Amino acid sequence: QDSPLKAVQMLWVNLIMDTFASLALATEPPTESLLLRKPYGRNKPLISRTMMKNILGHAVYQLTIIFTLLFAALQRDQRPQDPRREERL
């Protein structure tokens, strides 16, 4: 099967998407304390305990909002409809 994007198109998409990420990282200058700190150890985890709490907390928040909206929409659809409203449409 043919790919929906050709190789050159994929390169352009990659270039554009990476440009925004690099601009976001390059706009804030490094602080002196960041430059002077020692590197993390080879066996240290990439995601710290604080980062994991933030990720999980945000995931719970998003799921709560999404399920609230979903169940509210389902409840709205299960209510009896006004037949006069159907006629007007």
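The pLDDT is the predictor's confidence in each residue, on a scale from 0 to 100. The structure described here is a predicted model, and its chain has an average pLDDT of 84. A score of at least 70 is reached by 87% of the residues. Confidence varies among the elements of the chain: helix α3 (residues 49-78) has the highest mean pLDDT, 93, whereas helix α4 (residues 83-88) has the lowest, 59. Where pLDDT is low, the predicted coordinates should not be read in detail.

The secondary structure consists of four helices and zero strands. Along the sequence, the elements follow the pattern α-α-α-α. Of the 89 residues in the chain, 0% are buried; for a residue to count as buried, its relative accessible area must be under 20%. The accessible surface of the chain amounts to about 9,500 Å², and carbon and sulfur atoms account for 64% of this surface.

A nonpolar patch is found on the surface. The patch is formed by L5, V8, M10, W12, V13, L15, I16, M17, F20 and L23, which together have about 1,000 Å² of accessible area. One of these residues, L15, lies in helix α1 (residues 7-26). L15 has a relative accessible area of 47% and is therefore classed as partly exposed, since that class covers values between 20% and 50%.

An unreviewed UniProt entry places the feature "transmembrane region" at residues 55-74. In the model, residues 55-74 are 100% helix and 0% strand. The C-alpha atoms at the two ends of this stretch are 28 Å apart.

The count of aromatic pairs in the model comes to one. The pair is made by F67 and F71, whose ring centres are 6.1 Å apart. The planes of the two rings lie at 20°, so the pair is stacked, because planes under 30 degrees apart count as stacked. Both residues belong to helix α3. F67 and F71 are four residues apart in this helix, and therefore about one helical turn separates them. F67 has a relative accessibility of 41% and so counts as partly exposed. F71, at 49% relative accessibility, likewise counts as partly exposed.

Terms used: Residues numbered from 1 in each chain as written. Predicted model: local features only at pLDDT ≥ 70, side-chain atom pairs only at ≥ 80, totals over all residues. Heavy atoms only, no water. Buried < 20%, exposed > 50% of the residue type's maximum accessible area, 1.4 Å probe, protein only. Areas by Shrake-Rupley, 256 points an atom, 1.4 Å probe, with all protein chains shown as cover. Patch = residues over 30% accessible without salt bridge, like charges linked within 9 Å, V, L, I, M, F, W, Y side chains within 5 Å. Salt bridge = Lys/Arg side-chain N within 4 Å of Asp/Glu carboxyl O. UniProt positions renumbered as here; feature names shortened; annotations may be inferred. Phe/Tyr/Trp six-rings, centres within 6.5 Å; stacked < 30°, edge-to-face > 60°.
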